[in-house]
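Let's take a walk through this structure together, moving from the overall picture of one chain down to single residues. Please keep the model open as you read.

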Amino acid sequence: MASGIRDKVAILGMGCTRFGERWDTGADELMVEAFNEAIADAGIAPRQIEAAWLGVCLEENNIGKTAGPLAQALRLPRIAATRVENACATGTEALRGAAYAVAAGAYDIVLALGVEKLKDTGYGGLPVRTRGVANDLWLPNSTAPGAFAQLASAYAAKHKVAMADLKRAMAHISVKSHDNAALNPKAHLRNKITEDDVLKAMTIAAPLGLYDCSGVSDGAACAIVTTPEIARALKPGAEVITIKALEVSVSNGEEMSFQQWDGAHIATARTAGARAYAAAGITDPRNQLQMAEVHDCFSIAEAVTMEDLGFSAPGRVIHDVLDGVFDRGGALPIGIDGGLKCFGHPIGASGLRMIYEVYLQIHGRAGERQLPRVDRALTENLGGHPHQNVCAVSIIGRHGA
Amino acid sequence: MSDPTATPGLLATTLYLPRLRLERAEMLAQHRWMAPGLRGLAKGQRTIAHWDEDSVTMAVETARQLARARPDVTVGELTLASTTLPFADRLNAGIVAGAVGIAEGAVVRDVASCARAALAELAAALRRPAGSATTLLLAAERRIARPASAQEMIQGDGAAGALVGDGATIAEFVAHRSRHADLVDHFRESGQVHDYGWEERWVRDEGYMKIAVGTLQECLAAASISAGDIAHFVMPAPLARVNEAVAKKLGVAAAALVPAAHETIGDLGMAQPLAMLDVALRAAQPGALILVAAFGSGCDALLLRRTAVPCPGAVPGPGKSETSYLKYLSFTGQIELEWGMRAEMDNKTALTAAWRDHARAARFEGGKCGSCGTVQFPSTDVCVNPECRAQKTQTPFSLSEARARVLSHTTDFLAYTPHPPFQFGHVDFDAGARVLMEFADADAGELEVGMALAMVYRIKEFDRQRGFRRYFWKATPVRDNAQQGT
């Protein structure tokens with residue numbers, strides 16, 4: 001009988017580059033930068049890593065196929081390496097591969113690294129791309145903001161709330177993200193903004209304005225994972241941080257082709273969240289978690305996810321957001337590192353970046369943005385669009401918490 | 001059927017106009033500096049095809065209007081007539097046939113090359129013996145006149161169509177005469193965009209007043225009909241005062257001239273005689289004689305008699321005023337604007353996939369599950385209903401005529417489209433499918449959750465690198481009189 005992954009895998013070390021427009025840095029150098037921080041943090045030698053998982057999403061825009069670019073960049077000694085891709089959930093997927101290999105007992109120490117070099121396209125936003133030869137015959141060539149903007153129209157209609165009220169809550173989320181990132185030296189967008197700035201910004205995809213959209217960034221993040229026993233042996237006396245849950249849910253086309261989904265929530269986030277809570281033994285997420293990093297690619301995505309993950313009651317997120325529940329001083333801080341919105345969103349790295357922040361917060365190493373005490377935290381990493389996506393949810397905490 | 005001289009008649013006619021109507025005053029405003037002489041033509045509006053409309057899509061809409069007018073009729077032959085067919089080598093009528101679901105065994109053909117070709121086809125269909133296959137004749141034009149030319153002012157984009165067959169006919173055949181003459185009043189070499197024309201006075205005197213008048217006289221004589229008995233005269237010359245002169249010379253009453261709608265639509269080229277015939281039929285009393293002319297490389301003259309059967313189907317609405325001449329230039333590819341790198345996306349079509357999934361894109365064909373009744377698009381082996389999941393139970397179900405509603409929507413300023421912003425959203429069909437779709441002809445701020453939608457056949461994308469275009473269905477708001485094309 002399968003027993004899940006709870007407390008079977010420990011995070012030994014993590015690294016994360018500064019995210020941003022890294023014009024002078026290639027993907028190879030980003031990988032080395034993240035890896036060097038992680039290996040130093042883990043206190044091991046590179047040759048102790050037995051296998052590696054590389055996450056990169058738009059490989060055609062940067063490093064190309066296979067895990068070869070990772071092996072080359074780090075000169076890994078011909079160990080097993082695998083490239084994974086699950087859209088914007090790629091980073092968590094890389095960790096999942098690595099963690100499950102450790103949990104299975106196949107390896108003692110493995111590496112999960114996510115990287116994305118997005119700023120080589122020549123234009124803002126994510127690169128345009130084919131949806132596959134059959135889909136291109138009928139599927140609209142939509143953008144990410146356009147697809148996520150759908151949530152807002154459907155949410156406002158479903159809950160019978162004024163779009164102006166929803167937009168105010170969305171603006172509050174973006175202002176909060178900028179405030180949080182201002183305290184994070186590795187964040188892409190560190191300027192403070194006002195609600196007025198958000199509401200007056202140019203429209204990208206109605207009702208989303210410029211400040212409702214996350215940054216498109218270059219960056220890399222990585223984790224070195226092992227068993228709790230090895231972690232304790234390698235770092236006697238240090239806090240051991242383990243994975244409580246690592247769940248993925250993938251849309252099967254029901255949201256986009258069957259009339260049950262209301263268009264106003266992320267169905268996979270509910271599924272993955274529920275499984276993760278069950279695996280981690282969480283029954284009251286708003287009170288049992290001390291923080292969460294969610295996939296705030298767009299302000300509206302963060303808003304609906306608060307309800308999908310049980311942080312807000314259905315239809316109540318506008319009130320909770322405006323009441324400051326998710327601000328850094330609130331009951332459940334969300335995106336304390338600036339989130340995708342302001343830390344930035346180098347796709348393959350984002351899931352690992354979320355876990356990096358959780359890891360720092362639990363260790364008490366988050367600098368100016370350190371929260372009082374974090375025992376358990378959640379990350380939610382979404383790949384794709386609200387109607388067709390991959391949702392990865394992790395719960396990370398102190399060993400035994 | 002017992003009368004060996006019996007011929008088929010007209011079962012229905014229709015006129016399709018694109019929604020956008022370009023204000024001629026705005027055209028003049030751009031050209032006045034170098035072509036002040038256009039002032040005399042710069043009255044009212046002309047129709048312009050949207051960026052995603054061409055002769056094929058307008059023909060599809062025309063065919064759908066006729067199918068709605070006469071849902072009882074099965075088409076055995078389809079002819080698409082146009083001088084602006086998008087493909088020089090690919091059966092354009094076959095694209096139309098696929099979109100409207102004409103049977104595989106139907107005879108389908110393109111007809112091209114001059115302004116009288118569509119009327120010649122109509123006459124040919126009417127002259128066949130009774131019992132012949134029902135013919136769907138579609139004429140569509142989207143001509144592109146050189147900027148600041150008189151033609152740019154005179155022409156319009158649009159389509160007209162006719163159903164010819166046996167049964168409850170709205171008009172019956174009386175006589176037809178045709179004359180070919182290589183009098184080149186204008187021409188357009190294959191592959192060229194613009195026409196080149198000769199002096200109008202010569203076209204009038206040597207062309208219309210001799211060739212057209214002569215052919216029309218022969219047609220009347222063939223039926224032993226006096227010109228004075230003509231109740232409606234469809235004379236489609238786009239030149240000023242020519243129609244009046246022809247009527248006068250023939251002896252047809254000036255009041256019988258069918259209005260050409262120049263000030264609201266423009267001249268529809270090959271579709272113009274059929275468009276004006278549609279107007280004439282709707283105005284005609286039972287028994288009225290209708291004389292139709294089409295001029296170009298000769299002349300065709302067709303004489304019809306109106307029956308007492310009411311004309312089925314609706315007429316176009318007033319459309320929507322468009323004041324951006326620059327937009328028209330861009331739609332017609334006559335000015336290259338900076339669309340940014342997002343427009344560089346390669347829209348290559350995998351022709352194998354296009355054929356494999358042909359019904360999907362052509363007829364908007366999804367599947368209906370025989371087990372649970374769920375309609376889904378696209379059709380797949382496994383039913384999308386999570387309570388069902390039955391395999392290989394779906395039978396073809398077309399959504400092209402289905403009504404739907406907006407579940408969610410956005411107006412996207414980031415995505416590339418030739419007419420920003422890009423409007424798309426989730427569309428829920430009353431029949432039970434959900435499809436992420438592009439919206440067509442939706443105005444800024446018009447989209448709302450729950451809004452009623454109908455489907456229209458449009459160009460999805462151009463592959464400019466290879467000279468290809470792919471078509472698909474888009475959702476358009478159902479307005480109060482949407483059937484009238486407003």
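What follows is a tour of a predicted model, beginning with chain A and ending with chain B.

Let's start with the overall build of chain A. Its secondary structure comprises 14 helices and 11 strands. If you align the view with the principal axes, the C-alpha atoms occupy a box of roughly 55 × 45 × 45 Å. How does the radius of gyration of chain A fit a compact globule? For 401 residues, such a globule would have a radius near 21 Å, and the 20 Å of chain A agrees with that. Of the 401 residues in chain A, 63% are buried. The contact pattern adds to this view: when contacts in chain A between residues at least 6 apart in sequence are taken, 78% of them link residues at least 24 apart. On the outside, chain A exposes about 13500 Å², and 50% of this area comes from carbon and sulfur atoms.

Now look for helix 11 of chain A, which spans residues 299-308. How many of its residues are buried? The count is 10 of 10, so the helix is mostly covered, taking buried to mean under 20% relative accessible area. The buried set includes nonpolar-looking stops for your eye such as Ile300(A), Val304(A) and Met306(A), but also Glu302(A), Glu307(A) and Asp308(A). What surrounds these buried residues? They pack against helix 4 (144-158), helix 5 (163-181), helix 9 (267-280) and helix 12, and also against strand 6 and strand 10 (376-385), again of chain A. Just after helix 11, Gly310(A) adopts a positive phi of about 80°.

From there, move to the loop between helix 12 (317-322) and helix 13 (339-343) of chain A, where you will find Arg328(A). Its relative accessible area is 31%, so Arg328(A) is partly exposed. Leaving aside residues up to four places away in sequence, Arg328(A) touches Asn180(A), Leu183(A), Pro333(A) and Ile336(A), together with the run Glu368(A), Arg369(A), Gln370(A) and Leu371(A). For a sense of scale, pick Leu208(A): it is 120 residues from Arg328(A) along the chain, and the two C-alpha atoms are separated by 24 Å.

Two backbone details in chain A deserve a stop. Where is there a cis peptide bond in chain A? One joins Ala206(A) to Pro207(A), with omega about 5°. Pro207(A) sits in the loop between strand 5 (203-205) and strand 6 (208-209). The other detail is at Arg78(A), which has a positive phi of about 55° although it is not a glycine. Arg78(A) belongs to the loop between helix 2 (68-74) and strand 3 (80-84) of chain A. With 84% relative accessible area, Arg78(A) is exposed.

Let's cross over to chain B, where similar topics come up. The peptide bond from Phe377(B) to Pro378(B) is cis, and omega is near -10°. Look for Pro378(B) in the loop between strand 16 (375-376) and strand 17 (394-398). Ser224(B), a residue other than glycine, has a positive phi near 55°. Ser224(B) lies in the loop between helix 6 (200-222) and strand 11 (230-234) of chain B, and its relative accessibility of 65% makes it exposed.

Another serine gives you a view of the interior. Is Ser55(B) buried or exposed? Its relative accessibility is 1%, so Ser55(B) counts as buried. Ser55(B) is part of helix 2 (residues 55-69) of chain B. Its side chain makes a polar contact with the side chain of Ser82(B), at 3.4 Å. Beyond its sequence neighbours up to four places away, Ser55(B) touches Ser82(B), Thr84(B), Pro86(B), Ala140(B), Glu141(B) and Arg142(B).

Next, find Ala431(B) in the loop between strand 19 (422-429) and strand 20 (434-438) of chain B. This residue is partly exposed, at 35% relative accessibility. Apart from residues up to four places away in sequence, Ala431(B) touches Val375(B) and Phe397(B). From Ala431(B) to Glu189(B) the C-alpha distance is 48 Å, with their positions 242 residues apart in sequence.

Our last stop is on the surface of chain B. Which residues form a nonpolar patch there? The members are Val184(B), Phe187(B), Tyr196(B), Trp198(B) and Trp202(B), with about 550 Å² of accessible area together. Phe187(B) belongs to strand 9 (residues 186-187) of chain B, and at 44% relative accessibility Phe187(B) counts as partly exposed.

Technical notes:
Residues are numbered from 1 along each chain as its sequence is written. Chains are lettered from A and ligands numbered from 1 in the order in which they are written. This is a predicted model: local features need pLDDT of at least 70, side-chain atom pairs count only at pLDDT 80 or more; totals for chains, interfaces and linings use all residues. Side-chain values use heavy atoms; hydrogens and water are left out. Patches are made of residues with over 30% relative accessible area and no salt bridge: like charges are joined within 9 Å, nonpolar side chains (Val, Leu, Ile, Met, Phe, Trp, Tyr) within 5 Å. Accessible areas come from the Shrake-Rupley method with a 1.4 Å probe; for residues, only the protein chains shown count as cover. A salt bridge is a side-chain nitrogen of Lys or Arg within 4 Å of a carboxyl oxygen of Asp or Glu. Helices (H or I, at least four residues) and strands (E, at least two) are DSSP runs, numbered from the N terminus. Buried means under 20% relative accessible area, exposed over 50%, partly exposed in between (1.4 Å probe, protein chains only). The radius of gyration is taken over C-alpha atoms; the globule rule is 2.2 Å times the number of residues to the power 0.38. Contact means heavy atoms within 4.5 Å. A polar contact is a pair of N or O atoms within 3.5 Å; within protein, one must be able to donate a hydrogen and the other to accept it, and residues adjacent in sequence count only if both atoms are side-chain atoms.
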